[in-house]
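This report describes how one protein chain is arranged, moving from its cysteines to its strands, its helix and its nonpolar cores. Please keep the sequence and the structure in view while reading.

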Amino acid sequence: MEPGSVENLCIVYRSRDFLVVNKHWDVRIDSKTWRETLTLQKQLRHRFPELADPDTYYGFRFCHQLDFSTSGALCVALNKAAAGSAYRCFKERRVTKAYLALAVRTQSRASQSSWSWSLGCTQGTPCPKCSY
């Protein structure tokens with residue numbers, strides 16, 4: 001995968017209420033500092049200047065976060081009502097996140113593996129980290 005740039009923003013899904021993008025690895029979601037040369041916020045403003053909302057701090061309503069080094073689908077609400085709906089879904093744990101790791105063995109061979117592990121929870125024991 002090529003390094004992130006302001007032009008290479010991949011759109012996964014778009015509707016009237018939401019935009020889902022494939023956040024590139026090693027790209028911050030947002031920043032108010034001048035030192036950050038590339039952020040998802042800047043990519044969105046470059047590609048969709050008409051969607052930027054001056055009433056929000058960063059110009060966009062990010063529904064959740066992904067770490068700097070993590071790539072993957074990131075949901076952006078395109079209006080206040082959609083942002084509220086997404087917030088409630090995350091708050092009520094009606095959203096499931098899944099991670100897929102790509103392990104590179106050599107320069108020419110790679111394999112995809114699906115991993116799962118316990119958060120230390122068991123069924124029947126309430127846990128704030130999972131939906132049991």
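A disulfide is a pair of cysteine sulfur atoms within 2.5 Å of each other. The model discussed here is predicted, and by this criterion it holds zero disulfides.

**Cysteines**

Why do C75 and C89 form no disulfide? The table gives, for each of these two residues, the closest cysteine sulfur and the distance to it.

| Cysteine | Closest cysteine sulfur | Distance between sulfurs |
|---|---|---|
| C75 | in C63 | 3.8 Å |
| C89 | in C63 | 9.4 Å |

For C75, the separation of 3.8 Å is too far for a bond, because a disulfide requires the sulfur atoms to be within 2.5 Å. The sulfur of C89, at 9.4 Å from that of C63, is likewise too far away for a bond. C75 has a relative accessibility of 17% and therefore counts as buried, since the limit for a buried residue is under 20%.

**Strands**

Strand 1, formed by residues 10-14, runs antiparallel to strand 2, and four bridges join the two. Three residues lie between strand 1 and strand 2, and together these strands form a hairpin. Within this pairing, Y13 stands opposite V20 of strand 2.

Strand 2 also pairs with strand 4, again in the antiparallel sense, over six bridges. Here N22 faces A73, a residue of strand 4.

**Helix 1**

Which residues of helix 1 are buried? They are L40, Q41, Q43 and L44. These residues lie on the same side of helix 1, because they cover an arc of only 160° around its axis. The buried residues of helix 1 pack against strand 2, strand 3 (61-62) and strand 4.

**Nonpolar cores**

In soluble globular proteins, nonpolar side chains tend to be buried together. The largest nonpolar core of this model has 13 residues, of which V21, L40, L44, F62, L74 and V76 touch the most other members. At least two residues of this core come from each of strand 2 (18-23), helix 1 (40-47) and strand 4 (72-77). A second core, separate from this one, consists of six residues, among them C63, C75, A77 and A82.

What does L74 touch, leaving aside residues up to four places away in sequence? Its contacts are L19, V20, V21, I29, L40, F62, H64, Q65 and L66.

Key. Residues are numbered from 1 along each chain as its sequence is written. This is a predicted model: local features need pLDDT of at least 70, side-chain atom pairs count only at pLDDT 80 or more; totals for chains, interfaces and linings use all residues. Side-chain values use heavy atoms; hydrogens and water are left out. A nonpolar core is a set of buried Ala, Val, Leu, Ile, Met, Phe, Trp, Tyr and Cys residues joined through side-chain atoms within 4.5 Å. Buried means under 20% relative accessible area, exposed over 50%, partly exposed in between (1.4 Å probe, protein chains only). Contact means heavy atoms within 4.5 Å. Two strands pair if DSSP finds at least two bridges between them. The arc is that of the directions from the helix axis to the C-beta atoms.
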